[in-house]
Amino acid sequence: MKKFVNDPAKFVPEMLEGIFLANEGKLKYEPKYNLIYRADRPSKNHVSVIQGSGSGHEPAHVMTVGRGMLDAASPGNVFAAPPMEYCLECIKLMNSPKGVLVLINNYQGDRMNWDMAIEMAEAEGINVKSFIIDDDVAVQNSSYTVGRRGVAGNFFVMKACGAAAEKGASLEQLLELAKKVNANVRSMGVALTSCTPPAKGKPIFEIGDDEMEVGVGIHGEPGRRREKIKNADAITKELFDAVATDIPFNAGDRVAIMVNGLGGTPITELYVLYAKAHELAEKAGFTVVRNYVGEYCTSLEMAGASLTILRLDPELEALLDAPAETAARIL
């Protein structure tokens, strides 16, 4: 294993400390509970929007804390849900008179720990609601989920809800907005390599040099099938066809397209994939009005990519355009 690691057990805290030090004055850090949060939150005039999942997917979610995005994030260890105590402290720290919205990707560990934390917070009189994100079309169930997984489409839920919260939206309005985004966004990915969590010290799965995993999950969960690698256009077409027909999207739709790197794919290759995705969208009659190419929801150093399509309306377009400032500096 070749990684910039000191003690694997301290990998996540050291990463969080680095994020805090690089954004001092804008972010605060609570080491005891792995909490990164906005220096100006909570606010009595704004719903607090928070999220927490396993580490290893950066910039999701801890690096998307900032103005116009998340107000706080509480990550667990690499590919592990944050402990219930961390989730509860995150809710309590971000408690606002306008309420707290917890965005949760659909993984069993995340849901279980956040659900328990929410129940305990409600018992203390905190107004907190949650929303489950499940945009992955690859498989219905996996070793981590009942139902579809939450993957890169979570970016659009965070962006829309964070922007709306910044403008003073109520908790009920944010819940309806999260539902709308989730209902109109779909994703699917493909992996060319595995990845190595620091504490594990070896790849989480084996894959041949000439193979790809179609529909891979962001923790390395199996997808639809494993097969010999194809050229970039063929891969993009399969991802596009799977994503674009799931809702389905229709000719005339205004859309945002995201080509998301899984951590180990050069940006040049991501733009090769985007070129084909854009061509296919135009052939399908879509109007591409927003595009995102880069790393938004990764899997450590896994080589691979995912394709996400979001159907837009005037409200969502305005929210995507709203100002944001985060540690990731990707907006």
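1. Is Phe249 buried or exposed? With a relative accessibility of 7%, Phe249 counts as buried, because anything under 20% falls in that class. Keep in mind as you read on that this is a predicted model.

2. Phe249 has a ring partner. Its ring centre and that of Phe286 are 6.0 Å apart, and the two planes meet at 50°, so this pair is called tilted. The label follows because planes under 30 degrees apart would count as stacked and those over 60 as edge-to-face. Phe286 is also buried, since its relative accessibility is 7%.

3. Now look at where these two rings come from. Phe249 sits in the loop between helix H6 (232-244) and strand S11 (254-261), while Phe286 belongs to the loop between helix H7 (267-283) and strand S12 (287-294). They are 37 residues apart, so to speak of a link between distant parts of the chain is fair. Phe249 has another neighbour too: Arg311 lies over the face of its ring, 5.3 Å from the ring centre.

4. Try Tyr292 and Tyr296 for contrast. Their ring centres are 6.1 Å apart and their planes stand at 80°, so this pair is edge-to-face. Tyr292 counts as buried at 12% relative accessibility, and Tyr296 does so at 8%. Both tyrosines belong to one aromatic cluster with Phe155 and Phe156. Across the whole structure, a search turns up nine aromatic pairs.

5. Helix H6 makes a nice length check. At 1.5 Å a residue, its 13 residues should span 18 Å, and the end C-alpha atoms are indeed 18 Å apart, so the two values agree. At the start of H6, a side-chain oxygen of Asn231 comes within 3.2 Å of the backbone nitrogen of Asp233.

6. What does H6 pack against? Its buried residues, including Ile235, Leu239, Phe240 and Val243, pack against strand S8 (185-191), strand S9 (211-214), strand S10 (225-228), H7 and strand S13 (304-311). Glu238 and Thr236 are also among the buried residues of this helix.

7. Finally, find the open sheet of six strands, whose order is S1-S2-S5-S3-S6-S7 with mixed pairing. Strand S1 (27-30) and strand S7 (128-133) are the edge strands, each pairing on one side only. How many bridges join strand S6 (residues 100-105) to S7? There are six, and these two strands run parallel. To see this pairing up close, go to Leu103, which stands opposite Phe131 in S7.

Notes. Residues are numbered from 1 along each chain as its sequence is written. This is a predicted model: local features need pLDDT of at least 70, side-chain atom pairs count only at pLDDT 80 or more; totals for chains, interfaces and linings use all residues. Side-chain values use heavy atoms; hydrogens and water are left out. Rings of Phe, Tyr and Trp (its six-membered ring) pair if their centres lie within 6.5 Å; planes under 30 degrees apart count as stacked, over 60 as edge-to-face and the rest as tilted. Helices (H or I, at least four residues) and strands (E, at least two) are DSSP runs, numbered from the N terminus. Buried means under 20% relative accessible area, exposed over 50%, partly exposed in between (1.4 Å probe, protein chains only). A charge sits over a ring if NZ of Lys or CZ of Arg is within 6 Å of the ring centre and within 35 degrees of the ring normal. The expected span of a helix is 1.5 Å times one less than its number of residues. Contact means heavy atoms within 4.5 Å. A polar contact is a pair of N or O atoms within 3.5 Å; within protein, one must be able to donate a hydrogen and the other to accept it, and residues adjacent in sequence count only if both atoms are side-chain atoms. Two strands pair if DSSP finds at least two bridges between them.
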